Amino acid sequence: MSEPSLLDRVERYYAAVPLLFAGAEEFGSLRLFVRKEAGAPYYGGPAHAQPAGDGEVTAEDVVRVRARQRELGVPEAFEWLAEAAPGMRRVVEGAGLPVAERPLMVLDGEPASVPFPDGVSLRVVGDDDPLLPAVLAVPRLAFGETGSTGRDALARAAAEVVADGTLDAVRPTLRDGRKVLVAAVGPGGVPFAVGHYHPAVGATEIGGVGTLPEARRQGLGAAVTAALAAHARENGVRTVFLAYAQESVARIYARLGFRPADVTLLVADQPARGAGATGP
């Protein structure tokens, strides 16, 4: 039996990983992932990655998924791989939804090592780690528009993570291995940068890499990305990839050993992948 192509491996991952946290509802050629518990809402996408799914994406199915998303009170969002469903972009844009490309990069070997400042260490954060609330709060400041920085802002964001149920929702996913969190921790136990991955079907996408504004330009995001990739490799993940929106970020990933993939992720009416993601 021949080795699955990169397209097949990534497509299987996108079909499988939401099911770690969500149920699925079928709408003809499309499938909508619906959260079973608290967390960032999922999206609709082609159903053909599942054994029962086939057929071209139709405008009628897009309308049905959007209606269900409005009923659920979640964003009217779609994600798919361009090469896997080449006709879907025309249908989604025809429905009036903006489509953005998120090119992918894949790691063929081990990631390059990244030096980081004195006094900063990398840490895999478990479900009982006392730093967990602060770690989950970092993306809220890294990707937010509040302009608030510093330890006081981090403490307030950490309190919000506890109060809104995010902490309780994330803990079981860390405990059973559905999510892995890595943080760059500075003096006084302050998490400066964080990132995560969700392993499934022998693959994973690295995401949610964010750095506190006051700790940027020190290579901490690159260090966290490399640590996540190395951890995934050490734990049996064969296909490690990520998406990017800016060429400047792609150059950083290239220095870590990632190369451009012949697979492009397209996102409709959806925030940039990983931005501010603190849920399961």
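Val 106 stands opposite Arg 259 in strand E11, and this pair offers a handy way into the predicted model. Strand E5, residues 99–107, and strand E11, residues 258–268, run antiparallel and are joined by eight bridges. E5 also pairs with strand E10, residues 239–243, again in the antiparallel sense, this time over four bridges. Here Leu 104 is found opposite Ala 243 of E10. E5 thus has pairings with E11 and with E10.

A second group of strands is arranged around E8, which spans residues 190–197. This strand is mostly covered, with eight of its eight residues buried. On one pairing, E8 meets strand E7, residues 180–186, in the antiparallel sense over seven bridges. E7 and E8 form a hairpin with three residues between them, and Gly 188 in the turn has a positive phi of about 75°. Within this pairing, Ala 183 stands opposite Val 194 in E8.

E8 also pairs with strand E9, residues 203–211, over four bridges and in the antiparallel sense. Tyr 197 has Ile 206 of E9 as its bridge partner. A hairpin links these two strands as well: five residues lie between E8 and E9, and Val 201 in the turn has a positive phi of about 45°.

Val 194 deserves a closer look. This residue lies in strand E8 and has a relative accessible area of 2%, so it counts as buried. Setting aside neighbours within four places in sequence, the contacts of Val 194 include Val 182 and Ala 183, along with Gly 208, Val 209 and Gly 210. Val 135, Val 138, Pro 139 and Val 224 are also in contact with Val 194. Arg 178, by comparison, is 16 residues from Val 194 in sequence and 17 Å from it in space, taken from C-alpha to C-alpha.

The helices can be read in a similar way. Two packed helices are described by the angle between their axes and the distance between the axes. Helix H4, residues 132–142, and helix H5, residues 150–163, have axes 8 Å apart and pack at an angle of about 110°. H4 and H5 are therefore roughly perpendicular to each other. On the H4 side, the contact is made by Pro 133, Ala 134, Leu 136, Ala 137, Val 138, Arg 140 and Leu 141. H5 contributes Ala 153, Leu 154, Ala 157, Ala 158, Glu 160, Val 161 and Val 162. Sorted by class, the contact of H4 with H5 has twelve nonpolar residues, two charged residues and no polar ones. Val 138 belongs to this contact between the helices and is also in contact with Val 194.

Another helix pair is formed by H7, residues 220–234, and H8, residues 247–256. Their axes come within 10 Å and cross at roughly 50°, which makes H7 oblique to H8. The crossing of H7 and H8 is right-handed. Ala 222, Thr 225 and Ala 226 of H7 make the contact with Ile 252, Tyr 253 and Leu 256 of H8. By class, this contact has five nonpolar residues, one polar residue and no charged residues.

Note on methods:
Residues are numbered from 1 along each chain as its sequence is written. This is a predicted model: local features need pLDDT of at least 70, side-chain atom pairs count only at pLDDT 80 or more; totals for chains, interfaces and linings use all residues. Side-chain values use heavy atoms; hydrogens and water are left out. Axes are lines fitted to C-alpha atoms, for helices over the stretch in contact, and angles run from 0 to 180 degrees between N-to-C directions. Angles under 35 degrees count as roughly parallel, over 145 as roughly antiparallel, 65 to 115 as roughly perpendicular and the rest as oblique. A crossing is left-handed if the near helix is turned anticlockwise from the far one by less than a right angle, and right-handed if clockwise. Contact means heavy atoms within 4.5 Å. Ala, Val, Leu, Ile, Met, Phe, Trp, Tyr, Cys and Pro count as nonpolar, Asp, Glu, Lys and Arg as charged, and the others, Gly among them, as polar. Buried means under 20% relative accessible area, exposed over 50%, partly exposed in between (1.4 Å probe, protein chains only). Two strands pair if DSSP finds at least two bridges between them.
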